[in-house]
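Q: Could you take a close look at one part of this model, the place where its nonpolar side chains gather, and then set that part against the rest of the assembly? I would like the terms spelled out as you go.

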Amino acid sequence: MNAGLQIDIERLGTAAQTLVQDLHLHVPAGEILTLMGPSGCGKSSVLAATAGTLASVSEGLQPLQFDGRVQLNGRDLTTLPTHLRGVGLVFQDALLFAHMTVAENLLFAVPRTLPLAQRQARVQQALQEAELSGMGERDPSTLSGGQRARVALMRALLAEPQALLLDEPFSKLDAALRAQLRPWVFAHVRERRIPVVLVTHDEQDVADPQRVLHLRATEESPHHV
Amino acid sequence: MSFLPTFLLALIAALPMGWALWAAASQALDVSAWQALWADPQTLRAWGMTLWTGLASTVLVWWTVARLLAHGFIRQQLARWLTHVPALLATPHAAMAIGLVLWLSPSGWALRLVSPGLSGFDAPPPWLTTQDPWGLGLILALWLKEVPFLLWVAATQLQREDLRRRWQAEFALAQTLGHTPATAFAQVVWPQLAPRLRWPLLAVLAYGLTVVDMALIIGPATPPTLAVLAWQWLGDADAAMQAQGAAAAGWLTGTLLLAGVLTVMALRVVAAMRKFASRGSLPQSQTTDREGWLPQKTPTWVSYFCRRLPLQPNVMWTTILTTYAAVWFALTVGSVSGVWPFPQLWPSLWTGDAWAQVIASAPTVWTTLGLAAASASVCLVWSVAWLELTPRRWQQALRPWWLLPLVLPSVLWVVGLYSVALQWRLEGQWLGLLLAHAVMVLPYVLLALEPAYLAVDPRQSAVVASLGQSRWTDLLRIKWPLLKRAIASAWAVGFAVSVAQYLPTLYVGAGRFATVTTEAVTLASGAQRSLMSAYAALQMLLPVLAFALAAYLGRPRQFEKIGSMKDNT
């Protein structure tokens, strides 16, 4: 089982409290695993451990400790810094950089190994795919919630991640908008043939009913997916 | 991993501060100096004057700011008021005191306006209107300077996106439960805001009890406040007198610590009483006093009368702004005045001599600029590194330590910093002066930068890293550019604080360095009105220029204006 994302958690939590224990999951390329559970069950922390951003979750609180292993396509990520993991991250807030235009936000993500003209061509293509052609020069704060969410996903994909983590990406949108956005997001991420983990507390967000994992508040029994 | 930078940064800042405090403490604990201090007939009266001016000004400032905040929050006027605050903050204490003297002294503008017509005076009356023996001038000057400071600190809390949203929601909710806006603010918002103002309030108290430059200019002279007395003794050629000055600085510190503890306890008692009073009380009807500052059972005629007193927040704020404008105007006119006999409203001779003299003393201006820019920059670099590299727990644990220069008397600091400079062979040198300024500037820069820096969503950096970008790319292209406004204004605050330093410049610089502030304060005791005004005006102008530069550098990006065509997908 080399291809895909393999997350093995022996223990994840603070010194005082265990959030997740004995969680083992595998996501093959092109599949979307949905991780469900009530708030506080540690589902976002699983994503943070996978992306290597536990420090940003634990800021100001008790530091989170992760005991386990993360592998992506046979590569061990556990000790790598976030920017070398090739793991993309999308939150419920689009977190577009306020001092950059929409296009600049996208350009920031395109690998700088490419010549500028090619990078800009990718940005234009991404704008088109996000149905935002001609809006590249806009101030991101002038976009609607749905537009921002699409830019955030496009930005994550432009960085050419080898795996993608979606942390409640629809929870700030209203029901109608979610219904529109879900198929668009799922179609775009499946197209990339990469493993994707989606965290949500809404049954309707489930991408693939075959691949759903429910986390309970404090886990006792081991999981294998 | 984060231990080494934390340790090094803490060491860099704590070493000079700790060393200075230790040196000051060891000097202030000389037994014979304490005996001399208590034998001196001036000590007790000076101490009484210190307590009166410091406590009275602090109580007035707290009361004023509480009322301004209530009114500003309820009527949503805070943002409008705050547009003026940077200009008020940029006015140095000494310049404010000198400007007030130009108005209030027996030969000042206030009397000229009514002389000889209404007052009948042909010559300045022998009144003690500025260095009045009751310290009223000093209290007024402190009130004028500290109200904008405390208001500004409160506003940085109220402008934090998370707090603002939550408090406004709670404020609205309280009103839906039947409370008037005034009680909703007093019982929901204020109890959450007030504890956050505790440190700044202690800084106001410390400043009021220990200020020297302002007290030299506008404070009482016989006796002066204890801080001024300590300063005079420290400047004495006799070593025994210097030791007595150090002991007085120690006594002042003890007074301050006690007053600080009592203030915190008083705030707690008031908060507890408020809680007790509100328990079980029914929501008040909308007909009661809208601002909620008069007791419930005030007779109608009393509240009618009180409402007509100039105590309404709008009136108070306008009074403060008008006074600042009057001070700036007086300094400007004063700096170009030549011959100006008493009852005349305007000078009979205008001259640029004073400014020519200021320009001729270019080294003074360059010393001021260099020291201010260097100390602000050093403190900014340290503060950014501290906030970026150290764990939040350590930041909170060591925070009180970094704020010590704000709350301990500057006379105590100069005693300690001078010893440090002596031991490190930096006395009378530019580097020693820079060190002294940096210690005094640090808490202001840290306080100015901290709220914005900590308000940055940590997920932002997580997103940047997940896009495959390194930490330096995050800092240089995303985080710092987004924080540039806060960074630039923190630098300007540091610059302004450095420009206004009087004691460290004179004492640690061993009198070899003159800045516009030392010149202005020295001239304030003389008769060269125009030169004094020119230096005071310059002392004010330099920080204003720094704030203007910061506003320019920190301006938000202008995006192309595009019609408001928004689709809702």
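A: What follows begins with the largest nonpolar core and then moves outward to both chains and their contact.

The model is predicted: local features are used only where pLDDT (the predictor's confidence in each residue, from 0 to 100) is at least 70, side-chain atom pairs count only at pLDDT 80 or more, and totals for chains, interfaces and linings use all residues. Residues are numbered from 1 along each chain as its sequence is written, while chains are lettered from A and ligands numbered from 1 in the order in which they are written.

A nonpolar core here is a set of buried Ala, Val, Leu, Ile, Met, Phe, Trp, Tyr and Cys residues joined through C-beta atoms within 7 Å. A residue is buried if 20 or more other C-beta atoms lie within 10 Å of its own, exposed if 12 or fewer do, and partly exposed in between, with C-beta atoms placed from the backbone. In soluble globular proteins, nonpolar side chains tend to be buried together. The largest core has 158 residues, and those touching the most other members are A94(B), I98(B), A230(B), V411(B), V445(B) and A520(B). Helix α22 of chain B, residues 430–455, contributes the most to this core, with 15 residues; helices (H or I, at least four residues) and strands (E, at least two) are DSSP runs, numbered from the N terminus.

V411(B) shows what such a member touches. Leaving aside residues up to four places away in sequence, V411(B) is in contact with T210(B), V212(B), A227(B), A230(B), W231(B), L234(B), A249(B), L252(B) and L503(B), where contact means that the C-beta atoms of two residues, placed from the backbone, lie within 7 Å. Apart from the largest core lies another, of 69 residues, with L19(A), V46(A), V90(A) and V197(A) among them.

Turning to chain B as a whole, it has 28 helices and 0 strands. Its radius of gyration is 25 Å, close to the 25 Å that the globule rule gives for 569 residues, so chain B is as compact as a globular protein of that length; this radius is taken over C-alpha atoms, and the rule is 2.2 Å times the number of residues to the power 0.38. Buried residues make up 43% of the 569 in chain B, and of its contacts with a separation of 6 or more, 80% are between residues 24 or more positions apart. One local feature of chain B is a cis peptide bond between T222(B) and P223(B), with omega at about -5°, and P223(B) sits in the loop between α12 (213–218) and α13 (226–234).

Confidence varies along chain B, whose mean pLDDT is 87, with 92% of its residues reaching 70 or more. Among its elements, helix α18 (362–389) has the highest mean pLDDT, 95, and helix α15 (300–308) the lowest, 65. Over residues 280–292 of chain B the pLDDT is below 50, and this stretch has 20 contacts in the model beyond near neighbours in sequence. For the complex, the predictor gives an ipTM of 0.89 and a pTM of 0.86.

Where the chains meet, 25 residues of chain B are in contact with 29 residues of chain A. On the chain B side, α23 (458–466) and α24 (471–482) each supply at least two residues, and α23(B) gives the most, with 8. That side divides into 10 nonpolar, 8 polar and 7 charged residues, where Ala, Val, Leu, Ile, Met, Phe, Trp, Tyr, Cys and Pro count as nonpolar, Asp, Glu, Lys and Arg as charged, and the others, Gly among them, as polar.

Chain A, the partner, has 6 helices and 10 strands, and 42% of its 225 residues are buried. Two of its residues have a positive phi without being glycine: L95(A), at about 50°, and E160(A), at about 55°. L95(A) lies in the loop between β6 (87–90) and α3 (102–109) and is buried, with 21 other C-beta atoms within 10 Å. E160(A) lies in the loop between α5 (145–158) and β7 (163–167) and is partly exposed, with 16 C-beta neighbours inside 10 Å. As for α5(A) itself, 13 of its 14 residues are buried, so this helix is largely enclosed by the rest of the structure.
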